[in-house]
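Please examine the sequence and the model shown below. The account that follows leads through its pockets and its sheet.

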Amino acid sequence: MEPGAFELNTSVSNLRHLRASDLGPYDAVYLGNIYCRRYEGNPLERPTELREAIRLVRAEGRRAYLTTYATPRNDTLPVLRAALAVAVAEGAAAVEVHSLGLVKLVRDEFPELPIHVGNFTNVYTSAGVEVLEGFGVARITPASELPLDEIDAIGRAGGIPLELVVHGKLPLGVSEFCVLLDYERTWGVPCPELCQREVFLRKEAWGLKSVGKGILSGRDVCLLEHLPRLVAAGHRHFRVEAVSESPEYRRAVGATYREALVRALAGDGWLEARWWETLAAHSRLGLANGFAFGRSGMDYVGTEAPSTTEWRAR
């Protein structure tokens, strides 16, 4: 990667959402829904729609990445092999996998496709990075709850670039059973529309977001004011996690982070008040980043930079 360059990417669950999204702020897009085979129009299950999605992303000058299921099972392997074949044929730039089995499958059967290892692979140590380096992995997203100082240490010790989620609802867990199916009749909303509702599990200030088979943080993880620290540590690959968000969220949050990253890499850490206003407007339960600093995931840790304290005082 050239000095001063970086990658900002995002995630899109289906072709309908992709068509409605402005990809302007992004360099790359992960295609597919990692939680459920029944998700509306999941391109992992639909080779024709995956082909069109990859072509659409590439036509806009962005890199198309295929993602895969968070917890792949044996019966999903034929489907994933078909999706991987489409990805190779259409020039996808990489595939994201969340298990060692799929790392080996991709390496053995689709060696031309660079492998990104996702957060559900649970990479916590430099020893884990060494194992993946042996498989030729091109990029790793560390476990969501890993503090930044440990991520920095892994980055320094390993030879594989790390990708960090800088904003969005962190993926925290996956279940075999969809907890929303019990509410189909009560809410009068059938699957697969059910998991596209905004469903939050709340108790007082605590909250999580449910997407049926997946549990996400309720508050939006926000590392905006820590971007200068991230780029100083050498990180250059960043994600706005938007798999369960609207196209407007994807555009507005992405535009904010692109502008902030350009400034951070130029040595300007000033934070515009309008950035905070945009992020606050798109966060239903507020912002948090406690995991990044070894604290509760509901906490928010600031830098006390003048531009931040000025905004907080308003």
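In this predicted model, the lining of the second largest pocket comprises 7 nonpolar, 3 polar and 5 charged residues. The lining has 15 residues, and those nearest the centre of this pocket are Arg37, Thr71, Arg73, Glu176 and Lys213. The volume of the second largest pocket is about 250 Å³.

The largest pocket has a volume of about 310 Å³. Its lining is made up of 28 residues, with Ser144, Leu170, Val221, Phe291 and Ala292 nearest its centre. Helix 6 (148-157), strand 7 and strand 10 (206-210) are the elements that each contribute two or more residues to this lining. By class, the lining of the largest pocket consists of 17 nonpolar, 9 polar and 2 charged residues.

Strand 7 leads from the largest pocket to the sheet, in which it lies between strands 13 and 12. The sheet is open and mixed in its pairing, with 10 strands in the order 6-5-4-3-2-1-13-7-12-14. Because strand 6 (139-140) and strand 14 (287-288) each have a single partner strand, one side of each of these edge strands is without a neighbour in the sheet.

In general, the strands of a sheet pair through backbone hydrogen bonds, in either a parallel or an antiparallel manner. Here, strand 7 (residues 163-168) and strand 13 (residues 237-241) run parallel and are joined by 5 bridges. Within this pair, histidine 167 is placed opposite valine 240 of strand 13. Elsewhere, helix 2 (residues 47-59) packs on the sheet, where it touches strand 2 (28-31) and strand 3 (63-67). The direction of helix 2 makes about 150° with that of strand 3.

Definitions and conventions. Residues are numbered from 1 along each chain as its sequence is written. This is a predicted model: local features need pLDDT of at least 70, side-chain atom pairs count only at pLDDT 80 or more; totals for chains, interfaces and linings use all residues. Side-chain values use heavy atoms; hydrogens and water are left out. Two strands pair if DSSP finds at least two bridges between them. Helices (H or I, at least four residues) and strands (E, at least two) are DSSP runs, numbered from the N terminus. Contact means heavy atoms within 4.5 Å. Axes are lines fitted to C-alpha atoms, for helices over the stretch in contact, and angles run from 0 to 180 degrees between N-to-C directions. On a 1 Å grid over the protein atoms alone, a cavity is a set of points where a 1.4 Å probe fits but cannot get out, and a pocket is an open set with protein on both sides within 12 Å along at least five of seven lines; lining residues have an atom within 4 Å of a point. Grid points are joined across faces, edges and corners, and a volume is the space filled by probe spheres set on the points. Ala, Val, Leu, Ile, Met, Phe, Trp, Tyr, Cys and Pro count as nonpolar, Asp, Glu, Lys and Arg as charged, and the others, Gly among them, as polar.
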